[in-house]
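Hi everyone, thanks for making time this morning. I'd like to walk you through one chain, so let me put it up on the screen.

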Amino acid sequence: QVQLVESGGGLVQAGDSLKLSCAASGRTFSVYRTGWFRQAPGKERELVATINRSGDNTYYADSVKGRFTISRDNAKNTVNLQMNSLRPEDTAVYYCAARVGLTGQYNYWGQGTQVTVSS
């Protein structure tokens, strides 16, 4: 089992920055890839960014490319999401998720942290 706990959400204004952190515990050695997802009210959950175990491969959704940066600190078992130039449309609950396999669904999820961007 892997446990994930997100932190860092909050209320900011458009153009501001925010950093989310995901702390992992348990069988973290089994995790191949970690991702950040988000879900806005009335919308489907969407993938925001992912990073592999070694941290040398990342993926970003087009909507956040150039504004968000995902990184990891394996010594601390944390994955961070630095969000710059925030927009009202970035408002959502952000979830951290971990995948054990090379492909497929994400196996473990955090409880989520709310990010609200006011215009």
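Before I point at anything, one term: when I say two residues touch, I mean that their heavy atoms come within 4.5 Å. Also keep in mind that this is a predicted model.

With that in hand, let's begin at Met83. Setting aside residues up to four places away in sequence, Met83 touches Asp16, Ser17, Leu18, Leu20, Arg67, Phe68, Tyr94 and Val115. Met83 also belongs to the largest nonpolar core, which has 28 residues. Which members of that core touch the most other members? They are Trp36, Val48, Phe68, Ile70, Leu81, Met83 and Tyr94. As for where the core comes from, strands 1, 3, 5, 7, 8, 9 and 11 each supply at least two of its residues. The largest share, four residues, is contributed by strand 9.

Now for the sheet. Four strands make up an open, antiparallel sheet, and their order is 1-3-8-7. Which strands stand at the edges? Strand 1 and strand 7 do, and each has a single partner strand, so one side of each is left without a neighbour in the sheet. On average, neighbouring strands here are turned by 15° against each other, ignoring direction. If you look at strands 3 and 8, you'll find six bridges joining them, and the two run antiparallel. One place to see the register is Ser21, which stands opposite Asn80 in strand 8.

Let's follow the loops on either side of strand 8. In the loop between strand 7 and strand 8 sits Asn77. Its phi is positive, about 55°, although Asn77 is not a glycine. Is Asn77 buried, partly exposed or exposed? With a relative accessible area of 33%, Asn77 is partly exposed. Then, in the loop between strand 8 and strand 9, we meet Ser85. Ser85 is another residue other than glycine with a positive phi, near 50°. Ser85 is partly exposed as well, at a relative accessible area of 40%.

Next, the aromatics. There are three aromatic pairs in this model. The one I'd like to show you is Phe37 with Trp109: the centres are 4.8 Å apart and the planes make an angle of 55°, so the pair counts as tilted, since edge-to-face would need over 60 degrees. This pair links distant parts of the chain, with Phe37 in strand 4 and Trp109 in strand 10, 72 residues apart. The two partners differ in burial: Phe37 is buried at 9% relative accessible area, whereas Trp109 is partly exposed at 31%. Tyr106 joins Phe37 and Trp109 to form one aromatic cluster. Phe37 has yet another companion, Arg45, which lies over the face of its ring at 5.7 Å from the ring centre.

My last stop is Ser118, which is found in strand 11, residues 113-118. Which residues does Ser118 contact, leaving aside neighbours within four places in sequence? The answer is Leu11, Val12, Gln13 and Ala14. Ser118 counts as partly exposed, with a relative accessibility of 27%. Finally, take Glu89, 29 residues away from Ser118 along the chain: the C-alpha atoms of the two are separated by 9.3 Å.

That's my tour. Thanks for listening, and I'm happy to rotate the view for anyone who'd like another look.

Key:
Residues are numbered from 1 along each chain as its sequence is written. This is a predicted model: local features need pLDDT of at least 70, side-chain atom pairs count only at pLDDT 80 or more; totals for chains, interfaces and linings use all residues. Side-chain values use heavy atoms; hydrogens and water are left out. Buried means under 20% relative accessible area, exposed over 50%, partly exposed in between (1.4 Å probe, protein chains only). Rings of Phe, Tyr and Trp (its six-membered ring) pair if their centres lie within 6.5 Å; planes under 30 degrees apart count as stacked, over 60 as edge-to-face and the rest as tilted. A charge sits over a ring if NZ of Lys or CZ of Arg is within 6 Å of the ring centre and within 35 degrees of the ring normal. A nonpolar core is a set of buried Ala, Val, Leu, Ile, Met, Phe, Trp, Tyr and Cys residues joined through side-chain atoms within 4.5 Å. Two strands pair if DSSP finds at least two bridges between them. Axes are lines fitted to C-alpha atoms, for helices over the stretch in contact, and angles run from 0 to 180 degrees between N-to-C directions.
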